[in-house]
Amino acid sequence: MSLESIIAEAERLAFDLEFQGVKRWKEAAPGRRAIGYMPVYAPREVIHAAGMLPVGIFGGGDRIEIIRGDACFQSYICHIPRSTVELALSGRLGCLDGMLFPSTCDVIRNLSGMWKILLPGFYARYLDLPQNFDRRVGGRFHRTELLALASDLALLGGAPVTEETLRASIALYNENRRRVRALFDLRRRSPHLAPAVEAYLLLRAGCVVPVEDHNRMLDAYLEAAGAGDRPALDNCRVVLRGAFCETPPLALLRTIERAGCDIVDDDLVLVSRWIRDDVPEAGDPFEALAHAYLERSVANACRYAGEEEKGADLVAAVRQAGAEGVIFAAPSFCDPALLDQPMLVAALERAGIPYTAFKYSEDTGQFQPIREQAGTFADSIKLWSQP
Amino acid sequence: MTRERAAKEPSMVRQKELIAGHYRRLARAREAGEAVVYTFVPGNLTELLLSFGAAAVLPEINALQSGMRGKSADYIARAEKAGHSEDVCTYVKCDLGMSLAGNVGPTGEPIPRPDLLLLSYTGCFTFMKWFELLRQQYHCPVAMLHVPYVWNGEVTPGMIAYVVDQIRSEVLPALEKATGRRFDEADLSRRLALSARAEDDLVWVLESARNRPSPIDAYFGGVYYIGPMFSAFRGTEEGAAYYGALRGEVQERLQAGRGPITPEGPMEEERFRLVVEGPPNWTSFREFWKMFYDEGAVVVASTYTKVGGLYDTGFRHDPGAPLESLARYCLGCYTNLNLPSRVDLLERYVRDYAADGFLINSVKSCNSFSAGQLVMLRELERRTGIAGGFIESDLVDPRYFSASNIKTRLESYLQMIAQKRLEAHHPPAAAAEGRAS
Ligand code: SF4
Ligand code: SF4
């Protein structure tokens with residue numbers, strides 16, 4: 001497959017708000033079920049082990065007209081819940097047999113209850129991820145939650161999740177994580193060969209197709225992109241942070257790149273690499289997943305920092321990526337991203353790393369101010385880095 | 001009655017003394033060798049802190065006090081200048097701004113630095129960020145107590161075990177370290193018995209609003225009644241005595257058939273009985289209250305008075321099972337309930353308190369309260385057959401309190417209730433005549 005066709009396919013899948021691919025997957029065999037999940041993290045392995053398709057729901061972006069969703073939220077609440085409600089109330093999520101709402105923030109938390117009110121009878125589960133990282137405490141709690149999820153999925157018509165099937169799913173997702181890490185390595189090494197927009201599309205597409213298909217898609221992309229001869233640009237290298245839930249429009253990412261910034265690391269579609277490395281494939285797989293969550297998760301605003309130094313992870317990511325600055329791009333009214341930002345800023349200031357910050361909405365259509373801001377930032381970085 | 005000389009119930013005066021005494025204790029905590037623990041109102045473990053001899057600082061209470069004293073606008077501006085977004089909860093910014101301004105408390109005395117941040121992570125995401133921010137500022141230990149969300153309307157044994165495990169493995173060791181004292185379970189149990197006594201009295205007071213006229217306002221007056229219970233006085237003799245006295249005072253009014261005391265004296269005629277969901281606005285608290293009592297509107301039940309503990313559905317602290325009881329308490333706080341449970345509670349209030357209507361005050365700061373309130377409103381309307389009212393403001397950011405907007409909305413809501421009442425008693429034609437006369 002050519003690079004262009006891989007990207008075109010990824011874009012088609014990523015923004016198919018009718019979820020045709022999910023419908024086709026379900027129709028291909030009787031009794032197939034699909035379970036939606038919202039950002040920021042969901043244990044997709046458990047859904048997969050139940051023989052179900054995990055489907056990432058990232059709102060409607062800038063591709064949906066909001067008719068009913070706005071009536072459900074006040075103006076000072078971010079945009080993703082209203083477009084997600086729109087998807088649900090317009091019937092577009094009819095192909096789903098259930099929805100998981102992870103403990104990302106109070107908006108997604110409350111959305112789980114709204115779901116119960118607006119769509120009675122629809123399986124909506126809030127997924128309380130542990131904020132205690134002791135194996136005997138948070139680990140035990142999380143393992144119990146995973147087991148409860150597995151038995152709920154069985155009630156919804158999924159296959160019983162056995163140790164064996166869960167181990168097999170973990171192995172498949174480990175392969176996926178390896179490929180995603182390879183994608184990020186390529187971006188860091190040669191951002192001109194694997195631009196942020198393409199990586200984003202691939203990861204979004206991976207949230208609506210079976211993991212086996214996504215692994216093949218990533219292989220094809222890594223091969224085609226790695227062998228590509230796209231020219232390197234004289235861009236500065238930046239890390240993007242804050243966009244882990246409501247996603248910016250594609251045009252916004254393109255705007256940043258065109259303004260002279262190679263985004264060499266970001267926190268978009270974090271579910272694809274929330275667990276930093278492989279989940280052990282031996283032993284009790286529920287425990288393995290639970291412990292991986294405790295000990296191998298990325299640092300993120302939705303996860304309590306515990307004893308970790310706030311921002312240390314971001315500084316390390318900047319160093320690892322050889323980046324010259326950070327762009328904070330947070331959705332308007334996003335408590336997690338915006339409350340976290342001053343702490344991350346302090347860490348960057350201590351480390352002498354330049355940054356700039358702006359807010360967006362998933363349906364924003366105004367890119368000129370961002371183009372100017374990102375362009376100025378890129379220019380100033382180049383100026384600073386001159387001997 | 002002038003603004004300066006607001007009428008007060010004796011309990012309000014007593015409460016003011018209690019709170020002032022607490023701030024005095026805080027100001028002297030260092031000299032007295034007392035450990036200072038910052039914690040949050042929902043899921044506060046006051047009895048446990050007291051059993052360790054620790055003094056509690058509740059940053060939300062500082063923020064609301066700053067709001068009432070007209071200081072919050074300046075504090076918020078300082079925090080925003082220091083890089084905090086205008087989009088986020090103003091309680092946090094008010095608190096951070098207060099500390100930037102020297103951390104002087106509402107009584108003019110300094111608030112001491114924390115020896116421990118007890119992050120009772122109950123019902124609000126912002127709490128986590130708030131104490132992460134404070135940890136950066138004070139470089140002190142944090143004990144995280146993650147209280148699971150009661151997402152399906154049911155407290156499970158796994159949830160209780162998780163909270164109890166954390167109290168044992170995180171909270172107790174952190175308190176032992178901060179105070180240099182050993183955990184004394186007998187003292188905790190003794191305090192929980194005092195709490196339960198006060199809780200009985202508080203529930204009696206809140207439920208007195210079922211009477212007509214209601215002897216209390218369960219929102220504007222209610223926030224005073226919950227003060228000692230939600231802050232540093234649960235599990236104390238003073239707290240228990242306060243609630244005993246409060247109950248006596250309300251009982252007297254009830255027997256005399258009198259309504260609530262407003263800042264302008266006893267409320268004359270009870271014309272409207274309302275249930276209110278959402279926190280009040282603190283920067284214009286008196287003005288906000290006046291809009292209600294001027295119209296004869298009394299709040300007979302509110303959800304805000306349940307954020308620091310939900311007692312009127314039967315929960316009491318239990319000296320026989322101290323840690324489990326603390327866990328159950330945390331799990332049951334109002335903002336830790338899912339939206340359907342919140343609607344159930346509101347529906348129950350509308351019916352049990354024979355309310356004429358319900359009103360949501362949606363505050364910009366608080367996603368925990370506010371996200372989903374429009375859906376709650378419609379669901380409640382569907383279930384009760386009563387149209388609800390919706391107003392918007394903020395807790396401590398005066399920029400979001402538009403008195404004229406709120407007044408207009410409230411007045412038209414009350415007019416609508418009056419009109420419906422009239423139509424129910426008279427056919428529309430007769431009602432029209434009545435208006436014309
Ligand atoms: S964008 Fe932010 S506030 Fe909105 S749902 Fe996502 S995490 Fe929550
Ligand atoms: S978000 Fe709401 S509950 Fe949380 S601190 Fe702010 S006002 Fe309090």
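Helices are DSSP runs of H or I with at least four residues, numbered from the N terminus. The views below come from a predicted model.

**Figure 1. Arg191(B) sits in a helix of chain B.** The helix is α8, and it covers residues 185-207. Is Arg191(B) buried or exposed? Buried means under 20% relative accessible area. Arg191(B) has 14% relative accessibility, so it counts as buried. Which residues does Arg191(B) touch, leaving out those up to four places away in sequence? They are Glu47(B), Leu50(B), Ser51(B), Gly235(B) and Thr236(B).

**Figure 2. A cis peptide bond joins Arg212(B) to Pro213(B).** Look for the bond between these two residues of chain B. Its omega angle is about 0°. Pro213(B) belongs to the loop between α8 and α9, and α9 covers residues 222-225. Helix α8 also holds Arg191(B), the residue of the previous view.

**Figure 3. Asn103(B) has a positive phi.** The angle is about 55°. Asn103(B) is not a glycine. Where is Asn103(B)? Find the loop between α5 (90-100) and β3 (116-121) of chain B. The relative accessibility of Asn103(B) is 9%, so this residue counts as buried.

**Figure 4. A second cis peptide bond runs from Pro39(A) to Val40(A).** This view moves to chain A. Omega is near 20° for this bond. Val40(A) lies in a loop. Before that loop comes β1 (34-37), and after it comes α3 (44-49).

**Figure 5. Phe333(A) also has a positive phi.** The value is near 65°, in a residue other than glycine. Phe333(A) is placed in the loop between β7 and α13 of chain A. Strand β7 covers residues 325-331, and helix α13 covers 335-351. Partly exposed residues fall between the 20% and 50% cut-offs. Phe333(A) has 21% relative accessibility, so it counts as partly exposed.

**Figure 6. Gly61(A) and Asp363(A) are 302 residues apart in sequence.** How many Å separate them in space, C-alpha to C-alpha? The distance is 5.5 Å. Gly61(A) lies in the loop between β2 (53-56) and α4 (80-89) of chain A. With 14% relative accessibility, Gly61(A) counts as buried. Set aside its neighbours within four places in sequence. Gly61(A) is then in contact with Ser83(A), Glu362(A) and Asp363(A).

**Figure 7. Chain B meets chain A.** How many residues does each chain bring to the contact? Chain B brings 55 residues, and chain A brings 53 residues. Three residues of chain B lose the most area to chain A: Phe125(B), Trp151(B) and Asn367(B). Together they give 16% of what that side buries. The area buried between the two chains is about 4500 Å². Carbon and sulfur atoms give 59% of that area.

**Figure 8. Chain B, the setting for Figures 1 to 3, has 18 helices and 10 strands.** Its radius of gyration is 22 Å, close to the 22 Å that the globule rule gives for 437 residues, so chain B is as compact as a globular protein of that length. The C-alpha trace spans about 75 × 50 × 40 Å along its principal axes. Buried residues make up 62% of the 437 residues in chain B. Take the contacts in chain B between residues at least 6 apart in sequence: 78% of them join residues at least 24 apart. Chain B exposes about 15600 Å², with 50% supplied by carbon and sulfur atoms. There are 50 positive and 54 negative charges in chain B, and their mean positions are 2 Å apart.

**Figure 9. Chain A, the setting for Figures 4 to 6, has 14 helices and 8 strands.** Its radius of gyration is 20 Å, which agrees with the value near 21 Å for a compact globule of 387 residues. Along the principal axes, the C-alpha trace of chain A spans about 65 × 50 × 45 Å. Of the 387 residues in chain A, 65% are buried. Among contacts in chain A between residues at least 6 apart in sequence, 76% link residues at least 24 apart. The exposed area of chain A is about 13700 Å², and carbon and sulfur atoms supply 52% of it. Chain A carries 43 positive and 52 negative side chains. The centres of these two sets lie 2 Å apart.

Terms used: Residues are numbered from 1 along each chain as its sequence is written. Chains are lettered from A and ligands numbered from 1 in the order in which they are written. This is a predicted model: local features need pLDDT of at least 70, side-chain atom pairs count only at pLDDT 80 or more; totals for chains, interfaces and linings use all residues. Side-chain values use heavy atoms; hydrogens and water are left out. Helices (H or I, at least four residues) and strands (E, at least two) are DSSP runs, numbered from the N terminus. The radius of gyration is taken over C-alpha atoms; the globule rule is 2.2 Å times the number of residues to the power 0.38. Buried means under 20% relative accessible area, exposed over 50%, partly exposed in between (1.4 Å probe, protein chains only). Contact means heavy atoms within 4.5 Å. Accessible areas come from the Shrake-Rupley method with a 1.4 Å probe; for residues, only the protein chains shown count as cover. Lys and Arg count as positive and Asp and Glu as negative; His and the chain ends are not counted. The place of a charge is taken as NZ of Lys, CZ of Arg, CG of Asp or CD of Glu. Buried area is the accessible area (1.4 Å probe) that two parts lose on being put together, summed over both.
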